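Here's a quick walk through some charged pairs and one serine. Have the sequence and the 3D view open while you read.

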Amino acid sequence: GITWVQQTVTVTKTFYSIVWTGDRYYCVGEGGTILTSVDGLTWTSITVSTTSTLYKIIWNGTVCIAVGEGGVILECGSDGKWRVISNGGCIPLTSISSNDSTVVAVGGMGLVVTSTDGHSWTEHNVGTTDLLLDGIWDGSRFIATGAQGAIFDSTNGVSWNRKSVSTTADLNAIAYSGSEYYIVCGQGTVLKSSNGSSWTEYVAD
């Protein structure tokens, strides 16, 4: 993770997310682009029936699921074939996470969609019109972060509680180490928490 070697691919698109499934990588990005590689060196483009930009991809142990522009949802099972599950509407889905039983995607206008099988999806709202930018499962709850200091948590992906933070910066991404949470924000701000509820603000030098 310290020394990096640049790899060249033939696709001149912007990529936003990458995942390892146990036997191959998938990365997704602009214009519905999906690339796959077994070694991270040689990449192959996959044709899918969408041109919507894909912002996030996860592997839940059974299937890959990607979400993106216009609420599009794609799924790839053990057969390696990608299918468009939902073409959504006008609201983007920006991030996706899962536990053993539920997949949760978050996006614009406080939109949350949940599924127990990756095929049928139910819409919810966390109680805001803010754009939600990222989401994780920490082992006991889902946490979603978003624009203007928006942060919410939920044990089931359906009912959400808003948490208080000391910044109105956009909360762009969240990570959990197993003992501490970190959120990277706009305006050079980082938030840290040991419990996911009380946050301490740090400003990068």
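Start with Asp 79 and Arg 83: these two form a salt bridge, with the closest N and O atoms 2.3 Å apart. Keep in mind that this is a predicted model, so the distances here come from computed coordinates. Is this pair out in the open or tucked away? Asp 79 is partly exposed, at a relative accessible area of 43%, and Arg 83 is partly exposed too, at 34%.

That bridge belongs to a total of 7 salt bridges. Here are some of them, including the one just described:

| Salt bridge | Closest N and O atoms |
|---|---|
| Asp 79 with Arg 83 | 2.3 Å |
| Asp 138 with Arg 141 | 3.1 Å |
| Lys 163 with Asp 153 | 3.6 Å |

Now look at Asp 138 and Arg 141, whose closest N and O atoms sit 3.1 Å apart. Asp 138 is buried, with a relative accessible area of 11%. Arg 141 counts as buried as well, because its 13% relative accessibility falls under the 20% cut-off.

Next up is Lys 163, which forms a salt bridge with Asp 153 at 3.6 Å between the closest N and O atoms. Lys 163 lies in the loop between β16 (161–162) and β17 (171–176), while Asp 153 is in strand β15 (residues 151–154), so the pair ties together parts that are 10 residues apart in sequence. The two partners differ in how they meet the surface: Lys 163 counts as partly exposed at 22% relative accessibility, whereas Asp 153 is buried at 6%.

Which residues join up beyond simple pairs? Asp 138, Arg 141, Asp 153 and Lys 163 are linked in a network of salt bridges. If you click through that network, you'll pass from buried Asp 138 and buried Arg 141 to buried Asp 153 and partly exposed Lys 163.

Let's leave the charges and turn to Ser 37, found in strand β3 (residues 34–37). Is Ser 37 buried or exposed? Ser 37 is buried, with a relative accessible area of 2%.

What does the Ser 37 side chain reach? One polar contact goes to the backbone nitrogen of Gly 40, at 2.7 Å. Another goes to the backbone oxygen of Thr 42, at 2.8 Å. Leaving out residues up to four places away in sequence, Ser 37 touches Arg 24, Tyr 25, Thr 42 and Trp 43. Thr 42 thus shows up in both views of Ser 37, as a polar contact through its backbone oxygen and as one of the residues touched.

Technical notes:
Residues are numbered from 1 along each chain as its sequence is written. This is a predicted model: local features need pLDDT of at least 70, side-chain atom pairs count only at pLDDT 80 or more; totals for chains, interfaces and linings use all residues. Side-chain values use heavy atoms; hydrogens and water are left out. A salt bridge is a side-chain nitrogen of Lys or Arg within 4 Å of a carboxyl oxygen of Asp or Glu. Buried means under 20% relative accessible area, exposed over 50%, partly exposed in between (1.4 Å probe, protein chains only). Helices (H or I, at least four residues) and strands (E, at least two) are DSSP runs, numbered from the N terminus. A polar contact is a pair of N or O atoms within 3.5 Å; within protein, one must be able to donate a hydrogen and the other to accept it, and residues adjacent in sequence count only if both atoms are side-chain atoms. Contact means heavy atoms within 4.5 Å.
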